[in-house]
Each structure stands twice: as C-alpha cells, then as structure tokens.
Amino acid sequence: MGAPLVCHGHSRPVVDLAYSPVTPDGFFLISASKDSNPMLRNGETGDWIGTFEGHKGAVWSCSLDKNATRAASASADFTAKIWNALTGDELHSFEHKHIVRACAFSEDTHLLLTGGMEKIVRIFDLNRLDAPPKEIGNSPGLIRTVEWLHSDNTILSSCTDTGDIRLWDIRSDKIVQTLETKFPVTSAEVSRDGRYITTADGSSVKFWDANNFGLLKSYDMPCNVESASLEPKHENTFIAGGEDMWVHRFDFQTGEEIGCNKGHHGPVHCVRYAPGGESYTSGSEDGTVRIWVVGSVNHEESNPSGHVKLVAEEVVRKAESLRISEKTVEAK
C-alpha cells in the first residue's frame, strides 16, 4: 500500500478545505483549523507555501478566489478576513457580532459571503471594503455552510441545528427553494460546471439538480459523514468522510463503494476533490491534511490495475539494486 501525501503543520483539528481552480501557476489548497492559522499549499504536491497569521480564535471556514490571489477565512474571533495569497498579508477584517462559521468568494471575485452564529447571511463588497454589507433574510438557525450559484445570483445556506438547504435569490432577498434533509447539512458543494449540489447530512450523501432543485440521488453511507465531494471532471465518482476516520470513494451512478483510504487517526471533517479530479484531500480531527492520488497504490481498489503492480515491482527492484550497490561499496 502506497501512502498518501501527509501534510503536517496544523496543531489542532482541520475543519475545512478548499481548492482554487487551475490557474497559470497551478492550483492551490487552503486549510482551516481550530489552531487559528489557515495554511496555503501547492494543491498537487501538498507543499506548504505559507500561513495566514492574525486570527485570535478557531478558523472554521476558508476560501480561495478563482485566481488564487486572495484567500478568505471565517473565525470564532467574530471576524472574517481577506488575505493577499501571494504575500500572506491581511487585506481587511470584517467585524461580526458572533462566531463566523462560513465564507465564500463569489465567482466574479468581487463579493464575499459570510454566515454564522448571528443567523444572518451577509454579502461584503470587496471593491468597497468600508461599505456596510448587504444582509440577506433571517436564517432559521445558526449558519453552517454558505455557497454561491447561478452566476452569483443565488446563495445556498445550511444550519447547524436544523435540517434543509435554503436557496436565496439575492435580488429579492427571499428564499426561493428549500431542499429538504432529515438532518443538518454539514457540507454543501456546488459542482464546477454548476449542474450539481452535493450535500452530506447524517449518514446520507445527496445530489441535487442545481437548476431545477430536484433530488437526483441519495445514498446511505457506512457511518455518519461530515463531508462529501463529487469528482469534477467526469462526475462519475464521489468521496465521503466522517466519524469512522476513513475516506470512502463511491460510484456516482450506483452508490457502490469502489475504494477506501485509511490513515487518519480521528474523524474526517472535510473532503474535497482537486479541480482536475486526479487527487482528493481530507482534513481530520488528527490535525493532518492528506492528499490521496486517484488510481495509485494507496487505494484499496477491488481490482488494482496491473500497471500499479508493475510500478510497485519496479520500485522494489530499484531499491534492491541500490542496496546491492551499497554493499559493493562497503565491500570495497
């Protein structure tokens, strides 16, 4: 079994992850942790690029804009902050009156969405940092997730203490649709092509049509799951992580489990596919971020490909020849 790329650095649980789209400089990964220091990494290698320092409480949510030039974070210190992702400098701090649990950049990168314990969804204009935010409706509970869809005309939100996903039209400030779930939705992801909304609630992963809001698929998971993500390129597999500490991979059409990644030493709080679908990442209570490469030996696939076996044998051969040459040197 090959190992995942294990990214150390956080001293407390990792509670949120977000990838940038692919940019001319590659793609990037940001992680939020209760240690109050969001971290930026190379999305492909997991190599640490920098740490955003300035929050005074747990960071619950993080986001990168589509150019990966700015980062956003939402914190228990009652602020959401915008950062320069190239220098690590804090660009602005948006004060709130309670814990901020969620944040998201708009697709056009001009707006920041926040939500949290105040039960208010806010939209901040990043071109007018000192302007008061636009406030959208009253949420029925404490806000857990927020996302944009429909070219920044619709907002999605879920609550920590009550089920369902609510969709708000930002032009009318009204709830236009409610997606009904039995349990609170702990993770919501809008697919990059805008077709699907992927949600996790209780031990269920659901897929919704993002345009007419019908429920397309609902799959029962092996345990309570906190996060789920749809493969972005072919949309034929999805991953889920939760309290059993494993990252499970499933066939999107059938719901059949096709892979399982073991390695975390605590519940998995967040999972996300990389923008090209060639790898995915998980963040856990154990404080690590792990990047799993699709189709590599770290998958317990039911039918590992012959190619992987050959590569493994080649590695073993090289290691043995290296040992032989070392012995030869010693003999001399």
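## A walk through a strand-rich model

Pro184 is found in the loop between strand E17 (174–179) and E18. Keep in mind as you look around that this is a predicted model. With a relative accessible area of 28%, Pro184 is partly exposed. Look across from it and you'll find Gly163: the two are 21 residues apart along the chain, yet their C-alpha atoms are separated by 3.9 Å. Setting aside neighbours within four places in sequence, Pro184 is in contact with Cys159, Thr160, Asp161, Thr162 and Gly163, and also with Ala200, Asp201 and Gly202.

**The overall picture**

Stepping back, the protein has 1 helix and 28 strands. There are 332 residues in the protein, and buried ones make up 53% of them. Of the contacts with a separation of 6 or more, 42% are between residues 24 or more positions apart.

UniProt has something to say here too: an unreviewed entry lists "repeat: WD" at residues 52–93 and 261–292. In the model, the span 261–292 is 0% helix and 53% strand, and its end C-alpha atoms lie 8 Å apart.

**Inside the repeat: Ser282**

Within that second listed span, Ser282 is worth a click. Its place is in strand E27 (residues 279–284). Is Ser282 buried or exposed? Ser282 counts as buried, because its relative accessibility is 0% and the cut-off for buried is under 20%. The side chain of Ser282 makes a polar contact with the side chain of His264, at 2.7 Å. Not counting residues up to four places away in sequence, Ser282 touches Leu17, Val247, His264, Val268, Cys270, Val271, Thr288, Val289, Arg290 and Trp292.

**Tyr196 and its surroundings**

Now move to strand E19 (residues 196–201), where Tyr196 lies. Tyr196 is buried, with a relative accessible area of 10%. Its side chain makes a polar contact of 3.0 Å with the side chain of Arg195. Which residues does Tyr196 contact once neighbours within four places in sequence are left aside? They are Glu189, Val190, Ser191, Trp208, Ala210, Leu216, Leu230, Glu235 and Phe252. Take Ala210 from that set: Tyr196 and Ala210 are 14 residues apart in sequence, but 4.9 Å apart in space, C-alpha to C-alpha.

**Two residues with positive phi**

A couple of loop residues have backbone angles to check. Thr109 has a positive phi of about 70° although it is not a glycine, and Phe213, also a residue other than glycine, has a positive phi near 70°. Thr109 sits in the loop between E10 and strand E11 (111–116). Phe213 lies in the loop between strand E20 (204–209) and strand E21 (215–220). What about solvent? Thr109 counts as buried at 9% relative accessibility, and Phe213 counts as buried at 13%.

Here are the accessibility values for the residues visited so far.

| Residue | Relative accessible area | Class |
|---|---|---|
| Ser282 | 0% | buried |
| Thr109 | 9% | buried |
| Tyr196 | 10% | buried |
| Phe213 | 13% | buried |
| Pro184 | 28% | partly exposed |

**The largest pocket**

How much space lies in the largest pocket? About 1,300 Å³. Its lining has 50 residues, and Glu147, Ala188, Glu189, Val190 and Arg272 lie nearest the centre. The elements giving two or more residues to this lining are strands E2 (14–19), E6 (59–64), E10 (100–105), E14 (143–149), E18 (185–190), E22 (225–230) and E26 (268–273). E14 gives the most, with 6 residues. By class, the lining of the pocket has 22 nonpolar, 13 polar and 15 charged residues. Two of the residues nearest the pocket's centre, Glu189 and Val190, are also contacts of Tyr196.

**The cavity**

There's also an enclosed space: the structure holds 1 cavity of 30 Å³ or more, and about 30 Å³ of space lies in the largest cavity. Which residues line the largest cavity? They are His96, His98, Ile99, Val100, Gly115, Gly116, Glu118, Ile120 and Arg122. The elements that give two or more residues to this lining are E11 and strand E12 (120–125). The class count for the cavity lining is 3 nonpolar, 4 polar and 2 charged residues.

Conventions: Residues are numbered from 1 along each chain as its sequence is written. This is a predicted model: local features need pLDDT of at least 70, side-chain atom pairs count only at pLDDT 80 or more; totals for chains, interfaces and linings use all residues. Side-chain values use heavy atoms; hydrogens and water are left out. UniProt positions are given in the numbering used here, feature names are shortened, and annotations may be inferred rather than shown by experiment. Helices (H or I, at least four residues) and strands (E, at least two) are DSSP runs, numbered from the N terminus. On a 1 Å grid over the protein atoms alone, a cavity is a set of points where a 1.4 Å probe fits but cannot get out, and a pocket is an open set with protein on both sides within 12 Å along at least five of seven lines; lining residues have an atom within 4 Å of a point. Grid points are joined across faces, edges and corners, and a volume is the space filled by probe spheres set on the points. Ala, Val, Leu, Ile, Met, Phe, Trp, Tyr, Cys and Pro count as nonpolar, Asp, Glu, Lys and Arg as charged, and the others, Gly among them, as polar. Buried means under 20% relative accessible area, exposed over 50%, partly exposed in between (1.4 Å probe, protein chains only). Contact means heavy atoms within 4.5 Å. A polar contact is a pair of N or O atoms within 3.5 Å; within protein, one must be able to donate a hydrogen and the other to accept it, and residues adjacent in sequence count only if both atoms are side-chain atoms.
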